[in-house]
Amino acid sequence: MIILKTSAEIEQMRRAGSLVGQVLEKLREHVVPGASTRELDAVAEGMIRSRGGVPSFKGYRGYPASICASVNNEIIHGIPGDRTLAEGDIVSIDCGAILGGYHGDAAVTFPVGSVSVEAEKLMTVTREALEAGIEMARPEMRLGDIGYAIQKHVEANGFSVVRDFVGHGIGRHMHEDPQIPNFGPPGMGHRLRSGMVLAIEPMVNAGVHEVVVMDDGWTACTRDGSLSAHFEHTVAITDDGPEVLTLP
Ligand code: MF3
Ligand code: CO
């Protein structure tokens with residue numbers, strides 16, 4: 001069942017989303033060669049709590065941290081730890097917070113120093129694919145139009161879309177209906193309505209779309225070892241079109 005939000009609820013989700021956007025903006029400054037992913041996690045957790053928020057990932061199904069930090073061939077759910085970032089890496093940072101009872105959820109892939117031309121292109125195409133998906137988040141479009149727009153842009157650029165993980169509705173819970181695949185035919189699925197709030201999150205691999213999950217039970221990597229990027233925003237559907245709630 002898809003839970004529609006009132007404009008007062010969307011106002012609250014804008015606060016939660018803005019906090020997540022500000023955390024990611026702050027983390028950008030900390031993504032430098034030599035920084036450990038644990039340090040990034042500490043910055044995020046401190047900032048969320050200092051604003052009266054709660055890191056939504058921490059404790060979710062036993063997840064031990066406030067962010068996911070996924071480096072290079074890691075797609076999502078990388079657990080922060082001793083690993084230090086190196087010049088030329090890319091790191092996907094996913095962050096979620098609860099504020100006033102509502103969730104915000106967003107992700108960005110950052111370059112560490114200067115990165116390869118391929119890595120730059122992968123990040124650019126993934127961000128553009130998210131934007132193309134967001135453009136479809138309008139009343140009278142259908143859910144499948146989002147995934148179709150994302151997949152089309154990604155494949156036109158020679159990359160592949162991950163199938164094993166999808167976006168989701170969001171509100172009082174991090175994961176609500178509907179699931180939002182980043183692929184599939186247009187014109188299918190639920191009709192989109194004003195008041196829906198969606199976390200749209202394309203995960204894009206430079207090589208094959210298949211995933212392997214590491215022995216830690218969380219970290220999802222590309223099967224062929226190729227690079228992967230991930231961008232996510234929490235987006236409200238309004239009568240005036242999509243509103244991104246996770247801007248700083
Ligand atoms: N953005 C992710 C999601 O939508 C992150 C949650 S994974 C967690 O599902 F386990 F770390 F919480
Ligand atoms: Co999400």
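A polar contact, as I will use the term, is a pair of N or O atoms within 3.5 Å; within protein, one of the two must be able to donate a hydrogen and the other to accept it, and residues adjacent in sequence count only if both atoms are side-chain atoms. What you see above is a predicted model, in which local features need pLDDT of at least 70 and side-chain atom pairs count only at pLDDT 80 or more, while totals for chains, interfaces and linings use all residues. Residues are numbered from 1 along each chain as its sequence is written, ligands are numbered from 1 in the order in which they are written, and side-chain values use heavy atoms, with hydrogens and water left out.

Let me start with ligand 1. An N or O atom in the side chain of Asp 94 lies 2.6 Å from a nitrogen atom of ligand 1, and an oxygen atom of ligand 1 is likewise 2.6 Å from a polar side-chain atom of His 175. For Glu 201, the side chain places an N or O atom 3.0 Å from an oxygen atom of ligand 1.

Now to the metal. The cobalt ion, ligand 2, is coordinated at 2.1 to 2.3 Å by Asp 105 (OD), His 168 (NE2), Glu 201 (OE) and Glu 232 (OE), where donors are N, O and S atoms within 2.8 Å of the metal (3.2 Å for Na, K and Ca), and since water is not among the atoms, sites may look incomplete. Along the sequence, these donor residues follow the spacing D-x62-H-x32-E-x30-E.

Glu 201 therefore appears twice, as a donor to the cobalt ion and in a polar contact with ligand 1.
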